[in-house]
Each structure stands twice: as C-alpha cells, then as structure tokens.
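Student: I have a structure open and want to learn how to read it. Where do I begin?

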Amino acid sequence: MIDTETQLDPLDTMTRLVDTKSKTIVYVDDEEHNLRVFRSSFRRHYNVVVFERPQEAIAYIKSNPVNVLVTDQRMPGLTGTQMIELLREDFPELISVIITGYSDIEAVTDAINKCNIYRFFTKPFDFNDLKSTFDGALEMEMLKEQKENLMDTVQATNSSLEEK
C-alpha cells in the first residue's frame, strides 16, 4: 500500500539532491512583464536574478557565480546568442537556455552550433518543462563537479602510492 502522505513530488526530487535555492539563475529579457513572471515563478526554487539589458547581465555574471543563464533571443543591442557567445569565452561551462517568442530557425541553428546551448524554448514557457530543465542542468553540473573531485582524489592516491 502506498502512503500518500510520503509520495514524492517529481518536481522536488532535485531539491533533495542539490540545494537548488542556493543555485543562481540569471534571466535576461527586454520585457519587464516577462521578468516579473519568471521571477515569481521560480524564486521559491532558485536564487533568481533578472536583467532587462544584456550588458548588465554580462557584468553581473563576470563578478558573481551563476549556474544557469536564461535569455530571450530578440533584444535591442545584443541577441541572446550574441550574449552567450561573448560569455562563452570566459565561461565555457555556463549552462545556457534560450527562450524566444519567435520561431526563427536561424536563431535556433546559431544557438545550437555557435553557443552550445543546453535547451531552446518558445514563449509562453511551461513552468514544469523549464523547472525540469533547470533541475537537470543543475544535476549535470553537480555530477561534473563530483567527477572532477573523484579524479583529483584518484590522482592524489596514485601519487602517494607511487611514492611508497
């Protein structure tokens, strides 16, 4: 018999594996309404920082730890793919997601080929799809860190064994 009191919510599974509230997601969109909706949708789950201008987001990312970048594609000044390309030089491991209200196949192609984005979504976004994407991205980041730590431990152990 299944105890309904203790059933697991699949959307909260990542919260138990990773402290997602301590993970920072930066969202960039030139429409203030989209920023408010995004922040109110995800602030209970992550540390959400929003920007209307790509240049402000770039400055923030360069001076603060960020786990996931989410950006609109079409914005004045810089497109989402252009912004990701600029950041990719200094932050090649930054997980990037593009959300757009347009079905621009060239933008999708550029995002995949030039920017190595994690996912591409169209507006309006589905909360559950995005949350699942963020949780998957954060889990991947956690697993990469664990792998690096294990590799360091193995190398240190091998070095100490060679010395004996």
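Tutor: Begin with the sheet, and remember that this model is predicted. Five strands form an open sheet in the order 2-1-3-4-5, and their pairing is parallel.

Student: Which strands stand at the edges, and why is one side of each left without a neighbour?

Tutor: Look for strands with a single partner. Here they are strand 2 (47-51) and strand 5 (119-122), so each has one side with no neighbour in the sheet.

Student: By how many degrees are neighbouring strands turned against each other?

Tutor: On average by 20°, with direction ignored.

Student: How many bridges join strand 1 to strand 2?

Tutor: Five, and strand 1 (residues 24-28) runs parallel to strand 2. Take I25 as an example: its bridge partner in strand 2 is V48.

Student: Which helices pack on the sheet?

Tutor: Check which strands a helix touches, then its direction. Helix 3 (residues 54-63) touches strand 1, strand 2 and strand 3 (68-72), and its direction makes about 160° with that of strand 1. Helix 6 (residues 127-163) packs there too, touching strand 1, strand 3, strand 4 (95-100) and strand 5. Its direction makes about 165° with that of strand 4.

Student: What span does helix 6 reach?

Tutor: Compare the span with the expected one. Helix 6 has 37 residues and reaches 54 Å from first C-alpha to last, close to the 54 Å expected at 1.5 Å a residue.

Student: Which residues of helix 6 are buried?

Tutor: Among them are L130, F134, L138 and M142. The charged residues D135 and E141 are buried as well.

Student: What caps the N-terminal end of helix 6?

Tutor: D126 does. One of its side-chain oxygens lies 3.2 Å from the backbone nitrogen of N128.

Definitions and conventions: Residues numbered from 1 in each chain as written. Predicted model: local features only at pLDDT ≥ 70, side-chain atom pairs only at ≥ 80, totals over all residues. Heavy atoms only, no water. Pairing = 2+ DSSP bridges. Helix = DSSP H or I, 4+ residues; strand = E, 2+ residues; numbered from the N terminus. Axes fitted to C-alpha atoms, helices over the stretch in contact; angles between N-to-C directions. Contact = heavy atoms within 4.5 Å. Expected span 1.5 Å × (residues − 1). Buried < 20%, exposed > 50% of the residue type's maximum accessible area, 1.4 Å probe, protein only. Polar contact = N/O pair within 3.5 Å; in protein donor to acceptor, adjacent residues only side chain to side chain.
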